[in-house]
Amino acid sequence: MINFYFRYVAPGASLINSGKGKIYYEQKVKHNLHQFMGSVFEKMAKDYILNNVGTKKIPCFLTDIIEYQSSVKIGKEIKSIEIDLLGIDGKKYVLAGECKFKSENFGKEDLEIFQEKLNYFSASNLEVMLFSLSGFTDYVIENTRGYTLVTLKDMY
C-alpha cells in the first residue's frame, strides 16, 4: 500500500483533493495498474508459499523463495530466462512458480512460455506452482498434471 501511495496517490494529491480523482485515475493510474500489481501479486504468491510450508498446500519443503534471472546462449542469440518464484532448500532448487496478474485466465500460451523457460533451467524434479488472478483455461487445467494451480480466491 505504501508503494501504491507514493507511486500513484501522492503525485496526484492536488487533483484528488480538488475532486478530480476520477480523471486522475483514468489518465495516470488505470492503464498501469495491472503492471504495478504484477510484482505485488508475486509477493502475495511468495507469502502464500512461505505461510503454507509444512502443510498439504505446498508440495515440497523449502527454506526460501527467490526470483531467478539468467540468460542462455542459443546459437548466436542470447535468451533471457526469468522465473517469478524459485523455491530453494539450502542450495537445491525444489519449486518453480509463475504468476499472472491479468484479467484473462492463465492460458495455453502462458503455460508454453513458462514450460520453455524450465527447459533451460538446470534442476530436476521441480514442483511447479502456477498462480493466476483470474483462473485457468481448460487447456491449462487438462495439461498440468502434477502442477499446483492457485487462484487469488485460493490464496485468501
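A residue counts as partly exposed when its relative accessible area lies between the 20% under which it is buried and the 50% over which it is exposed. In the predicted model, this classification was applied to residues that take part in salt bridges, of which 7 were counted.

One of these pairs joins Lys 30 to Glu 26, with a separation of 3.5 Å between the closest N and O atoms. Lys 30 has a relative accessible area of 41% and is therefore partly exposed. Its partner Glu 26, at 31%, is likewise assigned as partly exposed.

A further pair lies within helix α4, which spans residues 108-119. Here the side chains of Lys 108 and Glu 112 form a salt bridge with an N to O distance of 4.0 Å. The two positions are 4 residues apart, corresponding to about one turn of the helix. Lys 108 is partly exposed, its relative accessible area being 43%, and Glu 112 is also partly exposed, with a value of 37%. Elsewhere, salt bridges with shared partners connect Glu 98, Lys 100 and Lys 117 in one network.

Within this network, the salt bridge between Lys 100 and Glu 98 has its closest N and O atoms 3.3 Å apart. The relative accessible area of Glu 98 is 3%, so this residue is buried. Lys 100, by contrast, reaches 22% relative accessibility and counts as partly exposed.

Terms used
Residues are numbered from 1 along each chain as its sequence is written. This is a predicted model: local features need pLDDT of at least 70, side-chain atom pairs count only at pLDDT 80 or more; totals for chains, interfaces and linings use all residues. Side-chain values use heavy atoms; hydrogens and water are left out. Buried means under 20% relative accessible area, exposed over 50%, partly exposed in between (1.4 Å probe, protein chains only).
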